[in-house]
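User: Please take a close look at one part of this model: the helical stretch of the first chain and what surrounds it. Walk me through it in one connected answer.

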Amino acid sequence: MTNNKILCNTGTVNLSIQDITDKIEKLEKAEEAKLKLTPDNAESGLAKLVLTLVELIRKLVEKQAMRRVDGGSLTEEEIERLGETLMKLEMKMEELKKHFNLTDRDLNINLGPLGDLM
Amino acid sequence: MDKIIYAILSVKEDPEKLMAQLNTMKGILEADLYIVSYEDISAVVSDINRSDLIADKTNALKFAELIENLAEQFTVIPVRFGSLVESSDRIKKMLERNYNKIQNNLLEIKNKVEFGLKVFCDPEKMKAEIKIKAEAEPLIESIKSKKKSIYTDYLLNKLKEHRFEEQLLAHVDCIILDITTHLKQLNPIQKFKKMVSATNIIDAVLLLEKDKKELCINVVNELQNKYPDLSFMLTGPWPPYNFVDINIK
């Protein structure tokens, strides 16, 4: 590169180190998030893929549900039922992760402009 | 022998100047540079064996430096690293097939350069401020009046998290709106990404006329004064990497 390309770098946040750390972390996450399917790990590789998709859908459902709750259109009974459903879904997801020895980090995927799933 | 393409540009105005500049530069693996043209548009290329092209730091920097040197003198469409074509004839056909798209894109970026603007925050500090706002919002009646159960408690916590995230995004949207208002005087073409990481809340690219660099620095300094808790980083000028909108066929 020709000259120094940073024209302006001001403020109180320590940019240089933090920015680099964030970028490295993101690259590491992207590397880890790749699905590595081999004959030896077909089951866990597939479980990772399926659970990532299930978790994505669960989060979307949860988000939509929160919008409805926040909108104030649900009755007391509906709120009670929704709370129960979402709680059980989350518990079931935890069970499945435990069963396949997966963590939140394993199920994380980058959704582009929407950011990371987790 | 394959051809690696570095950039596409129009040579209508000053073809001698381009040839003179190419004679002073070398491509990847020190190969000679030359152009393959169709009418008034040209691709800057050099010869290379496919197996010799390694995607390492040296080659990537060489590739970027070459595009940058060309962009200082001409309006160029930077081409992605590793774009190999089997022959000059195929490049010519590609230029012919995409002639209109290339011309339109060259027109959009004519005499313009790209600047990067990143905005960083102290995530803990920002979260603390937004959490106070989110928790200050009144609860909806159907939750407040409900007799407590583990399910409503669970939902209440989820609602707090949801409101916090919404507030955070709304806060970032307000900053973006303010940035665009400040930048309006420069008449840029701009693209924004939000919440790139915990610290990097805004990652923007701006396409501005070459002579607006100092004005842009002034605007960013103004924004910095307005938001002392955030950090603004302006980089550039870059070739218009983020404003190339062509899928070459």
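Analyst: A residue counts as buried under 20% relative accessible area, as exposed over 50%, and as partly exposed in between. The model is predicted.

Start with Leu49(A). Its relative accessibility is 39%, so Leu49(A) counts as partly exposed. Leu49(A) sits in helix α2 of chain A, which covers residues 42-71. Leu49(A) also belongs to a nonpolar surface patch. The other members are Leu46(A), Val50(A), Leu53(A) and Val54(A). The patch has an area of about 400 Å². Patch members need over 30% relative accessible area, and Leu49(A), at 39%, meets that.

Now move to Arg58(A). Helix α2 of chain A holds this residue too. Arg58(A) is buried, because its relative accessible area is 9% and the limit for buried is under 20%. What does Arg58(A) touch, leaving aside its neighbours within four places in sequence? The contacts are Leu89(A), Glu90(A) and Met93(A).

Take Leu89(A) from that list. Leu89(A) lies in helix α3 of chain A, residues 76-99. With a relative accessible area of 37%, Leu89(A) is partly exposed. Leu89(A) also has a C-alpha to C-alpha distance of 9.8 Å to Glu55(A). In sequence, 34 residues separate Leu89(A) and Glu55(A).

Glu90(A), another contact of Arg58(A), leads to the second chain. Glu90(A) forms a salt bridge with Lys158(B). The closest N and O atoms of that pair are 3.3 Å apart, and the cut-off for a salt bridge is within 4 Å. Between chain B and chain A the count is 6 salt bridges. There are also 12 residue pairs in polar contact, both residues at pLDDT 80 or more.

Which elements of chain B supply at least two residues each to the side that touches chain A? They are α2 (57-73), β6 (112-120), α6 (141-144), α7 (150-183), α8 (213-226) and β9 (231-238). The largest share, 11 residues, comes from α7(B).

Last, the interface totals. In contact are 49 residues of chain B and 37 residues of chain A. About 3800 Å² is buried between the two chains. Carbon and sulfur atoms give 59% of that area. On the chain B side, Tyr151(B), Tyr154(B) and Leu155(B) lose the most area to chain A. Together they account for 18% of what that side buries.

Definitions and conventions
Residues numbered from 1 in each chain as written. Chains lettered and ligands numbered in written order. Predicted model: local features only at pLDDT ≥ 70, side-chain atom pairs only at ≥ 80, totals over all residues. Heavy atoms only, no water. Patch = residues over 30% accessible without salt bridge, like charges linked within 9 Å, V, L, I, M, F, W, Y side chains within 5 Å. Areas by Shrake-Rupley, 256 points an atom, 1.4 Å probe, with all protein chains shown as cover. Salt bridge = Lys/Arg side-chain N within 4 Å of Asp/Glu carboxyl O. Helix = DSSP H or I, 4+ residues; strand = E, 2+ residues; numbered from the N terminus. Buried < 20%, exposed > 50% of the residue type's maximum accessible area, 1.4 Å probe, protein only. Contact = heavy atoms within 4.5 Å. Buried area = accessible area lost by both parts, 1.4 Å probe. Polar contact = N/O pair within 3.5 Å; in protein donor to acceptor, adjacent residues only side chain to side chain.
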